[in-house]
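Notebook open, model on screen. I'm jotting things down in the order I looked them up.

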Amino acid sequence: MLLLTACGGGGDKPKTNDKIAGADTGNKTSASPTASATRSTGRPKIELPSDLTLTFEGAKTGDSTKDAVLADSAERMRAVDAAITGTDPKGEAIEYYNTGKALEAALTWVKQFKDAGSTLTGEARYYHRTVTLSGKTSATLTFCADESKGYAKDKKTSKINKTPVTKNSYVLYNTRLDKSPEGVWQTSQIISARGAAQCQP
């Protein structure tokens, strides 16, 4: 399986027979596969190819700070996929929504896809997103990703490599986000674990 957006914090290397990783979570709010809304000026506009859809559930918690964390985390995942699929070749959004170790990991992950001549296609769903605030500028966010309908695609031949759905099609993410001076919740650390019991359907 392809650690699609899961990537960025270490994990599996992209393989041609892998599936996509990553999905959103929150109130079953689907993000557009072509463009994401910017909540304030200066935020990069993230576009994804029409054959790649990310869905983030549980976007609204009733707490404006937690909602902002969820929104920026979702944009972070979209940013990584945009760089992988070529809609953001310079990775500008990655640098906007990542910092520290998470930034290094995300850039490494994108490079692995490039070196393998692979891109992403299909669907990824993120769910069970839980935010815990630590002060005014730090938060932890855990969430699950359903990669069962996401796949790697060869850039040259456009061949889609589908693999059977297993428990490893579901990934648990544990992330840390820090609020930048500009008010952006940047992911600074990300760890993923495949086959986690709490993410199984």
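Which backbone oxygen lies 3.4 Å from a polar atom of the side chain of T85? I checked, and the backbone oxygen belongs to A82. A note to self before going further: this is a predicted model.

**Entry 1: T85**

I stayed on T85, which sits in helix α1. Its side chain also reaches the backbone oxygen of D81, at 2.8 Å. Buried or exposed, I wondered, for T85? T85 comes out at 18% relative accessibility, and the cut-off for buried is under 20%, so T85 counts as buried. Then I listed what T85 touches, leaving out residues up to four places away in sequence: L48, P49, L52, T119 and L120.

**Entry 2: the core**

Next I went looking for the nonpolar interior. In soluble globular proteins, nonpolar side chains tend to be buried together. Here the largest nonpolar core has 37 residues. I pulled out the residues with the most contacts inside this core and got V80, I84, I94 and Y173. The elements giving two or more residues to the core include the helices α1 (64–85), α2 (92–97) and α3 (100–116). On the strand side I noted β2 (52–56), β3, β4, β7 and β8 for the same list. Which element gives the most to this core? I found that α1 does, with 10 residues.

**Entry 3: β4 and its neighbours**

I turned to β4, which covers residues 138–146. Seven of the nine residues of β4 are buried, so I have it down as largely enclosed by the rest of the structure.

I then worked through its pairing on either hand. With strand β3 (residues 118–133), β4 pairs in the antiparallel sense over seven bridges. For a register check I took Y126 and found its bridge partner in β4 to be A145. β3 and β4 make a hairpin with four residues between them. In that turn, I noticed that G135 has a positive phi of about 75 degrees.

With strand β7 (residues 170–179), β4 again pairs in the antiparallel sense, here over nine bridges. My register check for this pairing was T142, whose bridge partner in β7 is N174.

**Entry 4: the disulfide**

How many disulfides does the structure hold? I counted one. It joins C144 to C199, with the sulfurs 2.0 Å apart. I read -75 degrees about the S-S bond, and that makes the link left-handed. The two cysteines come from distant parts of the chain, 55 residues apart: C144 is in β4, while C199 is in the segment after β8 (185–194). I looked up burial for both, and C144 and C199 are each buried.

While I was at β8, I looked at I190, which has its place in that strand. I190 has a relative accessible area of 5%, so I put it down as buried. I also took a C-alpha to C-alpha distance from I190 to L141: 9.4 Å in space, with their positions 49 residues apart in sequence.

**Entry 5: the rings**

Last job, the aromatics. I found five aromatic pairs in the structure. For F56 and Y126, the ring centres are 4.8 Å apart and the planes are at 15 degrees, so I logged the pair as stacked. F56 lies in β2 and Y126 in β3, so the pair ties together parts that are 70 residues apart in sequence. F56 is buried, at a relative accessible area of 5%. Y126 is buried too, at 0%.

Y126 has another ring partner, F143, and I wrote that pair down as edge-to-face, with 5.7 Å centre to centre and 70 degrees between the planes. Y126 is in β3 and F143 is in β4, 17 residues apart, so to speak of distant parts of the chain again fits. F143 counts as buried, at 1% relative accessibility.

Which residues do ring pairs link into a cluster? I followed them through and got F56, Y126, F143 and Y173. I had already met Y173 in the core entry, among the residues with the most contacts there.

Methods:
Residues numbered from 1 in each chain as written. Predicted model: local features only at pLDDT ≥ 70, side-chain atom pairs only at ≥ 80, totals over all residues. Heavy atoms only, no water. Disulfide = S-S within 2.5 Å. Buried < 20%, exposed > 50% of the residue type's maximum accessible area, 1.4 Å probe, protein only. Pairing = 2+ DSSP bridges. Core = buried A, V, L, I, M, F, W, Y, C linked by side-chain atoms within 4.5 Å. Polar contact = N/O pair within 3.5 Å; in protein donor to acceptor, adjacent residues only side chain to side chain. Contact = heavy atoms within 4.5 Å. Phe/Tyr/Trp six-rings, centres within 6.5 Å; stacked < 30°, edge-to-face > 60°.
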